[in-house]
Amino acid sequence: MNIKRTLLNTLAEAGGRFVSGAAIAEKLGVSRNAVWKTVKALEADGYIIESITSKGYRLSEASNRLSADLITPLLDTKKLGCEIQVFDEIDSTNNYAKILTSQGSPHGTVIISDRQTEGRGRMGRNFVSPSGTGIYMSLILRPEYGLDCAPLMTSAAACGVAEAIEEMCGSRVMIKWVNDIYIRGKKISGILTEASLGLEMKILDFAVIGIGINVRSVKGKFDDELSQIASSIEDETGAILDRNVLCAKILNKLEKYLDMVESKAFLDEYRSRELLTGNVITSNVGGEILKGIAMGIDDNANLIMKLPNGQLKKLGSGEANLTRITE
Ligand code: BTN
């Protein structure tokens, strides 16, 4: 038995309540002195554990340290999170996840980092990933469905991320087609899906879904240009969320929504959160700028745009860079 991990699990499961030293000692089958020594060892690892003589120990909210041991007990998934690797720093969790796929890592493997030095966004952009504030997470998926379902995975994942954040912060969370998550008009999360085709080109060999979420305040961490469009859950709602609890909730929701990809049952939820629909937008498709009205999302998660001549144009996820225009 790894006593440190078991003690951490016990405190995480208590959900912010105190657990007495005697109860922990009994559960772990060790002396109260051994419990105390293990608490000190965890504190040396960076966890903040409050202790009150009459009440016992509890994991402080101020701890704010990402840990697989604090995420795993909160999962109710069958496969997602079967293996979780957490890093203090990495170049990009998507890059590392892709390396792991070549080593045979199973469906459901999750990579999380506190900081990324080369976080990547869509369209070759970078994704600013400072430490202590965000969740930078990649999932390895080896889906059994056909290629036609692949574009729907990101949209289903966006529903899961949005629902998890909304349940935790209490504010309405929207999705900007195709995969940006917004609160109060600011982007607080983005998703980058990268996939590899099987040899027969009819199935996905693997997909890596990378999710970046700005959780704690990013004030002073983004430059002026980025601050105009991006923000964090804390800055927009005041909610100071525990990143481990949010990671677990997101994985729980992702499994639920990714299971709906083939049936497309997630699309109503997606449509109810989509924020471009009904707005005047411009789209940049391969350098051609078009202006029109976003009419809604079709059954393949394409955005339907109405051009000034009445023509309906279908935009696929990879091909459009959209701006909402306020008129
Ligand atoms: C976007 O907004 O354009 C997508 C951003 C995706 C960022 C995440 S953070 C975890 C994973 N690793 C990366 O390098 N990118 C994704």
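**Figure 1. Surroundings of Ser51 in strand S1.** In this predicted model, Ser51 belongs to strand S1, which covers residues 49-52. Outside the four places on either side of Ser51 in sequence, the residues in contact with Ser51 are Gly56 and Tyr57. Trp36 precedes or follows Ser51 at a separation of 15 residues in sequence, and the two C-alpha atoms are 9.7 Å apart. Tyr57 is also one of the members of a separate core of 17 residues, which includes Leu11, Val35 and Val39 as well.

**Figure 2. Thr101 in helix H5.** Helix H5 runs over residues 93-102 and contains Thr101. Thr101 has a relative accessible area of 9%, under the 20% limit, and therefore counts as buried. With neighbours up to four places away in sequence set aside, Thr101 is in contact with Ile140, Arg142, Phe206 and Val208.

**Figure 3. The largest nonpolar core, centred on the view of Met137.** This core holds 69 residues, and the members that touch the most others are Met137, Ile165 and Leu254. Helix H6, residues 150-169, is the main contributor, giving 12 residues to the core. Beyond four places in sequence, Met137 touches Thr93, Val110, Ile111 and Ile112. The list for Met137 also includes Ile209, Gly210 and Ile211, together with Cys247, Ile250 and Leu251.

**Figure 4. The ligand and the residues around it.** The ligand is surrounded by 20 residues, of which Ser92, Gln116, Arg120, Arg122 and Lys187 are the closest. Three side chains are shown with their polar distances to the ligand. For Ser92, an N or O atom of the side chain is 2.7 Å from an oxygen atom of the ligand. For Thr93, the distance from a polar side-chain atom to a nitrogen atom of the ligand is 3.1 Å. For Lys187, a polar side-chain atom is 2.5 Å from a ligand oxygen atom. On its own the ligand has 410 Å² of accessible area, and the protein covers 98% of it. Thr93 also appears among the residues that Met137 touches.

**Figure 5. Ser231 between helices H7 and H8.** Ser231 sits in the loop that joins helix H7 (224-229) to helix H8 (233-237). Its relative accessible area is 5%, so Ser231 is buried. The side chains of Ser231 and Glu236 make a polar contact at 2.6 Å. Apart from neighbours within four places in sequence, Ser231 is in contact with Lys186, Lys187 and Ile188, and also with Asn214, Val218, Phe222 and Glu236. Lys187 in this list is one of the residues closest to the ligand.

**Figure 6. The cis peptide bond at Trp177-Val178.** The peptide bond leading from Trp177 to Val178 is cis, and its omega is near 10°. Val178 is placed in the loop between strand S6 (174-176) and strand S7 (180-183).

**Figure 7. Lys264, a non-glycine residue with positive phi.** Lys264 has a phi near 60°, a positive value, and is not a glycine. The loop that holds Lys264 lies between helix H9 (243-258) and helix H10 (267-273). At a relative accessible area of 29%, Lys264 falls between the limits of 20% and 50% and so is partly exposed.

**Figure 8. Ala301, a buried loop residue with positive phi.** Phi of Ala301 is positive, about 65°, although the residue is not a glycine. Ala301 is located in the loop between strand S11 (288-297) and strand S12 (303-306). Its relative accessibility is 3%, and Ala301 therefore counts as buried.

**Figure 9. The whole protein, for reference to the close-up views.** The protein has 10 helices and 14 strands. Its radius of gyration is 21 Å, which agrees with the value near 20 Å for a compact globule of 327 residues. The C-alpha trace spans about 80 × 45 × 35 Å along the principal axes. Of the 327 residues, 50% count as buried. Among contacts with a separation of 6 or more, 63% join residues that are 24 or more positions apart. The exposed area is about 15300 Å², and carbon and sulfur atoms supply 48% of this area.

Technical notes. Residues are numbered from 1 along each chain as its sequence is written. This is a predicted model: local features need pLDDT of at least 70, side-chain atom pairs count only at pLDDT 80 or more; totals for chains, interfaces and linings use all residues. Side-chain values use heavy atoms; hydrogens and water are left out. A nonpolar core is a set of buried Ala, Val, Leu, Ile, Met, Phe, Trp, Tyr and Cys residues joined through side-chain atoms within 4.5 Å. Buried means under 20% relative accessible area, exposed over 50%, partly exposed in between (1.4 Å probe, protein chains only). Helices (H or I, at least four residues) and strands (E, at least two) are DSSP runs, numbered from the N terminus. Contact means heavy atoms within 4.5 Å. A residue is near a molecule or strand if one of its heavy atoms lies within 4 Å of it. A polar contact is a pair of N or O atoms within 3.5 Å; within protein, one must be able to donate a hydrogen and the other to accept it, and residues adjacent in sequence count only if both atoms are side-chain atoms. Accessible areas come from the Shrake-Rupley method with a 1.4 Å probe; for residues, only the protein chains shown count as cover. The radius of gyration is taken over C-alpha atoms; the globule rule is 2.2 Å times the number of residues to the power 0.38.
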